Amino acid sequence: MKTIAFFNNKGGVGKTTLAYHLAHMLSRSGYPTVAVDLDPQANLTSASLGEWQLEVLWTEDGPTVLACVNPILEGTGDIQQPLPVSLAEGLWLLAGDLGLSRFEDKLSDSWPRGYNNDQAALRTTSAFHRIVQRAGSDAGAVVALLDVGPNLGAINRAALLAADFLVIPLAADLFSLQGLKNLGPTVRMWREQWEQLRKLAKTSVDLPEGVMQPIGYVVLQQAVRLDRPVRAYRKWLERIPDVYRESVLGEVPALQATPDGPDPHCIATLRNFRSLMPMAQDARKPMFDLRPADGAIGSHAQLVQTCEDDFRALATEIAARCGLERPPDN
């Protein structure tokens with residue numbers, strides 16, 4: 001199973017919206033998918049489930065990520081078996097919980113102790129990885145999508161260690177560029193530190209490889225006029241490739257070669273579908289599943305089709321970049 005994390009330490013760029021819609025599109029494209037909500041704000045979970053379902057989930061023993069790590073938090077044992085919720089055919093959700101923020105201090109404390117081969121620390125640091133792998137195995141998924149919060153804290157460090165691939169959602173603005181400059185060096189530092197720790201570790205615990213390979217960025221929420229980005233967005237779009245190569249890939253600016261044509265690291269640029277979002281939230285479904293009964297009529301109906309086409313193309317491209325393989329037909 002391949003694991004893909006969607007991460008940007010700048011909030012409000014549409015990261016959860018991207019993960020939610022891609023989970024639905026990948027699953028219906030033939031890739032059984034488990035979506036894992038590792039954001040303590042639990043936005044992916046609240047986008048996927050109704051209030052009555054959340055009330056049941058968010059009980060003391062509800063099947064959430066928090067319940068999985070509770071034995072570690074309480075010092076009573078290792079992770080509990082994850083119980084993903086079925087959302088649709090070929091699509092499952094391992095629900096998040098606002099209480100997951102309590103795991104931050106435990107993870108922070110465990111990181112340095114792992115260098116001393118502390119077994120409890122290694123179980124803690126690898127908890128998300130092992131939860132994701134078990135959830136995917138039980139569901140028969142070929143891909144896990146990890147939604148994480150917009151920060152560079154210990155929870156996200158442990159979450160990204162569980163990721164084979166990293167997709168960076170961006171908005172075409174100054175704040176996203178600054179976010180890239182912080183994100184890239186931090187992720188590279190985490191990767192290097194984890195490589196050192198793994199070499200020192202002597203344990204039977206299933207430790208993640210900590211690959212975190214960036215496969216590109218997705219520009220979201222851009223305004224489009226006549227199928228072209230408006231001028232205010234273009235200047236930021238033009239700056240993203242150089243900042244991405246330097247900050248995320250660690251390339252030396254003097255050695256960078258400006259590519260001809262589109263930036264190969266840009267997976268996609270998605271237009272602003274803001275007018276569809278309220279309808280999708282009310283209907284509790286992806287934007288590309290909206291129908292006239294949901295209010296998608298006239299120009300909205302055309303935008304729904306555009307949205308479906310864009311996300312299908314994006315899912316196809318991400319599947320190719322990650323080497324996803326559909327399971328054989330029964």
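This briefing describes helix packing, nonpolar cores, selected buried residues and backbone torsions in the structure above.

The model is predicted: local features require pLDDT of at least 70, side-chain atom pairs count only at pLDDT 80 or more, and totals for chains, interfaces and linings use all residues. Residues are numbered from 1 along each chain as its sequence is written, and side-chain values use heavy atoms, with hydrogens and water left out. Helices (H or I, at least four residues) and strands (E, at least two) are DSSP runs, numbered from the N terminus. The largest nonpolar core has 59 residues, and another core, of 47 residues, lies apart from it.

**Packing of H1 and H12**

- Helix H1 (residues 15-28) packs with helix H12 (residues 299-322) at an angle of about 80 degrees, and their axes are 9 Å apart.
- Axes are lines fitted to C-alpha atoms, for helices over the stretch in contact, and angles run from 0 to 180 degrees between N-to-C directions.
- H1 and H12 are therefore roughly perpendicular to each other; the classes are roughly parallel under 35 degrees, roughly antiparallel over 145, roughly perpendicular from 65 to 115, and oblique for the rest.
- On the H1 side, the contact (heavy atoms within 4.5 Å) is made by Leu18, His21, Leu22, Met25 and Leu26. On the H12 side, Glu308, Phe311, Arg312, Leu314, Ala315, Ile318 and Ala319 take part.
- By class, the contact of H1 with H12 comprises nine nonpolar, one polar and two charged residues. Ala, Val, Leu, Ile, Met, Phe, Trp, Tyr, Cys and Pro count as nonpolar, Asp, Glu, Lys and Arg as charged, and the others, Gly among them, as polar.

**Covered helices H4 and H8**

- Helix H4 (residues 65-74) is mostly covered, with eight of its ten residues buried. Buried means under 20% relative accessible area, exposed over 50%, and partly exposed in between (1.4 Å probe, protein chains only).
- The buried residues of H4 are Val65, Leu66, Ala67, Cys68, Val69, Asn70, Pro71 and Ile72.
- Their cover includes strands S2 (33-37) and S4 (91-94), together with helices H5 (103-113), H6 (119-125) and H7 (127-139).
- At the start of H4, a side-chain oxygen of Thr64 comes to within 3.3 Å of the backbone nitrogen of Leu66.
- In helix H8 (residues 154-161), eight of the eight residues are buried. Polar and charged members of this buried set include Asn156 and Arg157.

**Nonpolar cores**

- A nonpolar core is a set of buried Ala, Val, Leu, Ile, Met, Phe, Trp, Tyr and Cys residues joined through side-chain atoms within 4.5 Å.
- Within the largest core, Val36, Val69, Phe103, Phe128, Leu146, Leu160 and Ile168 touch the most other members. Helix H9 (residues 174-200) supplies the largest share of this core, seven residues.
- Val69 is in contact with Leu100, Phe103, Ala127, Phe128 and Ile131, leaving aside its neighbours within four places in sequence.
- The separate core of 47 residues has Ala19, Leu49, Ile215 and Val218 among its members.

**Individual buried residues**

Contacts in this group do not count residues up to four places away in sequence.

- Leu183 lies in helix H9 and is buried, with a relative accessible area of 1%. Leu183 touches Phe7, Asn8, Asn9, Leu152, Ile168 and Val248. The C-alpha atoms of Leu183 and Lys10 are separated by 9.0 Å, although the two residues are 173 residues apart along the chain.
- Ile240 is found in helix H10 (residues 231-248) and is buried, with a relative accessible area of 1%. Its contacts are Leu170, Leu177, Tyr217 and Val219. Ile240 and Leu54 are 186 residues apart in sequence and 38 Å apart in space, C-alpha to C-alpha.
- Thr16, in helix H1, counts as buried at 14% relative accessibility. Thr16 touches Asn43, Leu44 and Asp147.

**Positive phi values**

- Most residues other than glycine have a negative phi.
- Ala42 has a positive phi near 55 degrees. Ala42 lies in the loop between S2 and helix H2 (43-48) and is buried, with a relative accessible area of 0%.
- Asn117, also not a glycine, has a positive phi of about 65 degrees. Asn117 is placed in the loop between H5 and H6 and is partly exposed, with a relative accessible area of 24%.
- Gly75, just after H4, takes a positive phi of about 70 degrees.

Methods: A polar contact is a pair of N or O atoms within 3.5 Å; within protein, one must be able to donate a hydrogen and the other to accept it, and residues adjacent in sequence count only if both atoms are side-chain atoms.
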